[in-house]
Each structure stands twice: as structure tokens, then as C-alpha cells.
Amino acid sequence: MTETSDTRSAAGGAQEAPRSRLQRLMRYIPLIAPVLLWAVPCWVLLHTGQHWPLPVTLTGTAVFALGLVAMPLAMVRGHGRRQHDGAAIVGDTLLGSIWVLFTWSVLLGVLLRLALTAAGVGEGQDRARIVTWAVLGVAVVLLAWGYAEARRVPRVRRLDVELPRLGAGLDGTRVVLITDTHYGPLDRARWSARVCERVNTLEADLVCHTGDIADGTAERRRAQAAPLGTVRATRARVYVTGNHEYYTEAQGWVDLMDELGWEPLRNRHLLLERGGDSLVVAGVDDVTAESSGLAGHRAHLAGALQGADPDLPVLLLAHQPKFIDRAAAEGIDLQLSGHTHGGQIWPFHHLVRLDQPAVAGLSHHGPRTLLYTSRGTGFWGPPFRVFAPSEITLLVLRSPQTSALS
């Protein structure tokens, strides 16, 4: 017995050692990542054979060094307790800009250099300078386009979704999804009003907001959120919390949405009835709610479905796609989520995939559960969207009974 226990202890210790080393490494990522973000473009653009005049090299290096220091300081001041909006704008803009510059410094710094070498274009210095100007040109174009994409009113993405258990009376039910509006340091009250006007043209039966309304307290962002009160739906307007609500005062946002005429589905459901058929519309708090320490806030699917007829189809609102495992286990018909922003700035979606089962669009999970993941209506932090356009989603629910008749 003792020998077996010792063996297990040794094996357990061997497994824990690599895990503890990985955990220690993860602690340094917040320190290492900013250095890499600023150092790699600096090296590629200024120090890989360009032989710029000394004043150009020194000035350029100083600019990158200043950015490395200024970005984290501005973000801490902007998103910390004081929430200084001006500092947040500076920090977020620097973060988005350097992410784009880093990405294309790596891609073009390698691929274009190889292509030019293979084509015999230019010698060492000329080739290096071509790469520099190409990287800068691509970055400027993408940032200008990405800013315009982030600030525009989202296009409407329409799709038909067939739910096997949906009754014929509910065929054609129009569900509009907005999410991740992220009202924040940049005042977007006019943008918010235009988004709501666009939603109202869709003649929705049900309008859903799946969280991350804003960055900041409800009182601080009230003016930007106020237009949500003008949204129209023939049946209901429903809302669930996102993780960003729990960074400030989640209950304040629940109360404000209630005040604006939206129904917060905090682990509860309502029935949408039409043509003699019914659809359960349920919602849960974000998965981070329980760890927030806010009394009564947690993701509780059983509570959301309590009292619902198990034979009725269920539409579930859950902020994060990762909740789909629980939804599929309960046989939910359709889950609507946001959170991912579709990656927001390419190629960040590859990192999102490490944490979420879906980044955007419709996906199947389990024997009958569908998940729709929106790319989001607004943007978080950096005011850019690159190859990840925002959206207002119109889902038209279809009954197989009606499809068979047609």
C-alpha cells in the first residue's frame, strides 16, 4: 500500500511540475506580449538591413520605445478604477495600431522578403526598404479601413434557421440579435440611435441583446445606451448579461435595461406564442457572473427552464458560445451568443478559438442543438475592425412542417 501511494505521489508530482512551470510562464505573458508587439515591428522596419540615416533610426526607435511605455500606462489609467476616457482612447488606439503593425511586420517581413529574393528584385538595402514601406502602407490602409468599419452602422446579416421542433404557427418568426455594443470612451450616442433605427426597419417579433452593453457603469454610459429604449418588437425585447457588465456594476445595467423596457432574462424564461404554437425564450447570466461575487448572479440553466414544458422548442440567450456544452446537454434547440467579435482584428480569431467553440456564424452541437455566434454590433477597445465586420443579425425561424407543405 505504501509503495503504491509513493508511486502515485511521484507520478502526481511529475505531472504537476510541468503544469506549475506552464502556470509560471503564463504569469509573464502580460509583460512579454507588449515588448514583442513593439520590438518586432521596430526591428523589422528599422534594423534589418535598411541602413537608414542615423537620425531616422534613432527617432524611429524612440517612437517605438515611447509607445511601449505609453500604451500600458494609458490602458491602466483608462480602464482602471478612475476610468479616464481620454487615456482609454489613447491606450486602445495604440493597442489596435501596434497589433496591425506587428501582424503585417511578421507576415510581409518574411513573405515579401522571400518573394523579392526569389524574384531577384533589389539588393540587401533596397529589398529591406521595400519591405518597410510595404508594411507601413498596408498597416495605414488597414487601420483607416478598420476604423471606418468599426464606426459604421452594421450591415444586416439575414439567415433562415430551421428548428425541427418549431410548430407551424411560429414559422417565419423574426428574431433580431444585437450584442457587444460596448458603449465606451468614444461617445457613440448618435451611432447607437442609428443602430436602433436600423433594427426597427426589420419588423422583429423578438429583439435580443446578449450582453456586453458597455464598458463602464450604467450611469456613466446612460446617454449612449438610452436609444435602446426606442427599439420596437411585436412580442418582446430581451437581454442577458455579458462578462463586461461584471467588470463594473452588473445590477445597474440590469436595472437600466428594465427601465428602458427590455426584459432581463436572468435565469428565467418567457413564452412566445403565435398561431397556437409556443416557443420558450430563456436566458442565463454570463458564465463569469458567479465569480463576480455579486449576490444572486450566476449562470443557472435549470433555473432558466424551470416550469417550461419540455416538449416545447427552446431559444436560449447566453453571452459566451462556450455555454453551448451545457445547452446541448439539455437539448436546447438554438443558442444565441456574442462575445467573440469574430476576432475583431485579424488574425486574433485564432486566439479566440482557444477559448470558444465557435467564432462566428451557425454551428451544430450535439444531436439537435444549434448555436449562432454573432460577430457583435459594436467593438471593444481598439476602434478598428479588420476582416471581422460587425453585424445586426436577423434570424427567421422556420418550421419543418411548413417546409414540407411547401
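**Two open sheets and a helix pair**

Strand β7 (residues 277-283) is joined to β6 by seven bridges, and the two strands run antiparallel; strands here are DSSP runs of E with at least two residues, helices are runs of H or I with at least four residues, and both are numbered from the N terminus, while two strands are taken to pair if DSSP finds at least two bridges between them. The model is predicted, so that local features need pLDDT of at least 70 and side-chain atom pairs count only at pLDDT 80 or more, whereas totals for chains, interfaces and linings use all residues. Residues are numbered from 1 along each chain as its sequence is written, and side-chain values use heavy atoms, with hydrogens and water left out.

Within the pair of β6 and β7, Glu-273 stands opposite Ser-278 in β7. The hairpin of these strands has two residues between them, and Gly-275 takes a positive phi near 60° there. Both strands belong to an open sheet of six strands with mixed pairing, in the order β6-β7-β8-β9-β11-β10. The edges are held by β6 (268-274) and β10 (361-365), each of which has a single partner strand, so one side of each is left without a neighbour in the sheet. On average, neighbouring strands of this sheet are turned by 20° against each other, direction ignored. At the β10 edge, five bridges join β10 to strand β11 (residues 369-373) in an antiparallel pairing, and His-364 stands opposite Leu-370 in β11.

A further open sheet, also described as mixed in its pairing, is formed by six strands in the order β1-β12-β2-β3-β4-β5. Its edge strands, β1 (155-162) and β5 (263-264), each pair on one side only. Strand β4 (residues 236-239) runs parallel to β5 and is joined to β5 by two bridges, with Val-238 opposite Glu-263 in β5.

Among the helices, the axes of α3 (residues 85-119) and α4 (residues 124-151) come within 8 Å and cross at roughly 140°, where axes are lines fitted to C-alpha atoms, for helices over the stretch in contact, and angles run from 0 to 180 degrees between N-to-C directions. This angle makes α3 oblique to α4, the term covering whatever remains once angles under 35 degrees (roughly parallel), over 145 (roughly antiparallel) and 65 to 115 (roughly perpendicular) are set aside. Residues of α3 including Trp-104, Leu-108 and Arg-113 take part in the meeting with α4, to which α4 contributes residues including Arg-127, Ile-130 and Leu-142; contact means heavy atoms within 4.5 Å.
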